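Good morning, colleagues. I should like to take a few minutes to introduce a structure that may be new to you.

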Number of protein chains: 2
Amino acid sequence: MGLDPGKEEQNAALQKMRKRVIETIGRNMDLYGISLSTGHLYGLLYFADKPMTLDEMGSEMKMSKTSMSTGVRTLLDLKMVNKVWEKGSRKDLYEVEYDWYQTFTDFFDIKWRKSVETNILILRKSMEEINKLEKEYAEDPEMVDLLHKDKAKLRDAYAYYQWLDRLIDTFENGDIYKLVPKELPDEI
Amino acid sequence: MGLDPGKEEQNAALQKMRKRVIETIGRNMDLYGISLSTGHLYGLLYFADKPMTLDEMGSEMKMSKTSMSTGVRTLLDLKMVNKVWEKGSRKDLYEVEYDWYQTFTDFFDIKWRKSVETNILILRKSMEEINKLEKEYAEDPEMVDLLHKDKAKLRDAYAYYQWLDRLIDTFENGDIYKLVPKELPDEI
DNA sequence: TACTTTGTACAGTTTTTACTGTACGTTCTT
DNA sequence: AAGAACGTACAGTAAAAACTGTACAAAGTA
C-alpha cells in the first residue's frame with residue numbers, strides 16, 4: 001500500500017485495520033450501484049498515501065489491469081476519483097475525491113438528477129396524451145373516470161419529482177448545510 | 001390491468017401510456033438497487049386500480065408466481081408496497097405505497113442508515129486501534145506519521161457519516177420540508 | 001379428518017455481469 | 001522514424017443474479 005517495504009511486518013496491525021475499513025467501505029458501495037470489487041478499489045485508493053497507477057492498483061488488488069481500468073472509469077464517472085497529473089510520469093495517476101460531501105452531492109447530481117429529468121419528460125408527455133383522450137372519450141363516463149385517476153397519479157408523481165429536483169439543488173448550492181451543518185466530529 | 005375486459009381495445013392508447021410510464025419508473029428503480037423486472041412490477045402496482053394478488057401480477061407480467069413472490073418481498077422490505085387485508089379473500093393482496101416522499105425517506109432509513117451505522121462502528125473500533133498503535137510505536141517517527149495520516153482520514157469519514165445520519169434524521173422527522181417544501185405541481 | 005388453496009423453499013436453468021488475456025492504437029522516448 | 005510503454009477495445013470465460021417449476025408446509029374449507 002505504498003509503504004516502505006522494509007516495514008511491512010511491523011505494520012501488520014495497521015494493514016489489518018486498513019483492510020477492515022477498506023472492506024467496510026467497499027461493502028457499502030452498493031448504495032452507489034458499484035460492484036464489490038470496485039468498492040474495494042475505492043477503499044484502496046482512499047488509504048493510499050499518494051495517487052496510484054493502474055499497475056499499482058492491479059498488483060495490490062491482485063487483479064488484471066483491464067479490471068482496474070474499467071473500475072477506475074466507473075469511479076471517475078461518479079467523480080469519486082480524480083485523475084492527477086504529475087510531471088515526469090507517463091502513467092495516469094488517480095486519487096480519491098476526499099471531500100465526501102462533494103461525492104455525495106455529485107452522486108445525486110449524476111444519477112438521481114438524470115432519472116428525475118427523464119421521468120419528468122415522460123410524465124409531461126403522458127399527461128398531454130391523457131388530456132387528448134379526455135376530449136376524445138368525453139361521453140364515456142367510465143373511461144373519463146379511469147383517465148382522471150391516472151391523471152391524479154401522474155400529477156402526484158410530477159410533484160414528487162419536482163421536489164426531488166429542488167432537494168438536489170440544495171445539495172448542489174450548499175443550502176442543505178444550513179439545515180444540516182457540517183460539524184466537528186464527536187471525540188472518537 | 002384490472003380494466004373491464006370488454007374495453008380492452010378502446011383503451012389501447014391508455015394502456016400504451018401506462019406501459020410507457022411503468023417502464024420509465026421501472027428503469028429508474030436501479031437507483032434503489034432493484035432489478036428491472038421488480039421495477040416493472042412496482043410500476044404495474046402503481047397503476048393498478050386495486051390491490052393485486054400474486055397470481056394477478058404473474059399473469060400481467062407474464063412471469064412465474066415465484067418471481068412475483070420474491071419481487072414483492074423485495075418491495076415490502078423497502079416498504080415500497082404494503083400488504084393489504086381484505087375480508088373474504090384468502091389471498092394476500094398488495095398495493096404500492098403511494099406516498100413517494102415516505103418511500104424516499106424509508107429507503108434512506110432502511111438502506112443508508114444501516115450502512116452509516118455499521119461504518120461508524122468500524123471507524124470507532126479502528127480509531128481505538130490506531131490510538132493503541134500510536135503508544136506502541138511512539139519512538140518510530142515514520143510510523144507515527146502514517147498513523148496520524150490515517151487518523152485524520154478516519155476522523156473525516158466519521159464526521160461525514162455523522163452528517164449523513166443527521167441528514168436522514170431530517171428526512172424522518174420532516175424537517176427537510178422546511179428547507180424544501182412540498183409544493184403544488186406546476187401546471188403540466 | 002380429508003381436501004383445497006396459497007405462498008415460498010429449493011434445485012436447476014437461463015441470463016447478466018464481472019473479470020481476464022490478447023491485440024492494438026496512441027503517445028512518449030531516443 | 002523506430003521502439004517502448006501505456007491504456008483500453010474486444011472476445012472469451014468465470015461468477016453471480018434472475019427466473020422457473022416442483023414440492024411442500026401452513027391455513028382455510030367442507
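I shall speak about the surface near DNA strand C and then about the largest pocket.

Please bear in mind that this is a predicted model. Let us begin with the DNA. Around DNA strand C there are 15 residues, and those that come nearest are Ser37(A), Ser67(A), Ser69(B), Lys91(B) and Asp92(B). By class, the residues of this surface comprise 7 polar, 6 charged and 2 nonpolar.

Which parts of DNA strand C lie within 4 Å of the protein? Of the strand's atoms within that distance, 71% are sugar or phosphate atoms, and the rest belong to bases.

Three side chains of chain A illustrate this. Ser67(A) places a polar side-chain atom 2.6 Å from a phosphate oxygen of DNA strand C. For Ser64(A), a polar side-chain atom is found 3.0 Å from a phosphate oxygen of the strand. Thr66(A), by contrast, has a polar side-chain atom 3.2 Å from a base oxygen. Two elements give two or more residues to this surface, namely helix 4 (65-77) of chain A and helix 4 (65-77) of chain B. Helix 4 of chain B gives the most, with 4 residues.

I turn now to the largest pocket, which holds about 330 Å³ of space. Its lining consists of 11 residues, with Lys19(B), Ile22(B), Leu44(B), Glu60(B) and Met61(B) nearest the centre. Helix 1 (12-28), helix 2 (36-47) and helix 3 (54-61) of chain B each give two or more residues to the lining. Which helix gives the most? That is helix 1 of chain B, with 4 residues. The lining divides into 4 charged, 4 nonpolar and 3 polar residues.

Thank you for your attention.

Key:
Residues numbered from 1 in each chain as written. Chains lettered and ligands numbered in written order. Predicted model: local features only at pLDDT ≥ 70, side-chain atom pairs only at ≥ 80, totals over all residues. Heavy atoms only, no water. Near = heavy atom within 4 Å. Polar contact = N/O pair within 3.5 Å; in protein donor to acceptor, adjacent residues only side chain to side chain. Nonpolar A, V, L, I, M, F, W, Y, C, P; charged D, E, K, R; others polar. 1 Å grid on protein atoms, 1.4 Å probe; cavity = no way out; pocket = protein on both sides within 12 Å on 5 of 7 lines; lining within 4 Å. Points joined across faces, edges and corners; volume = space filled by probe spheres on them.
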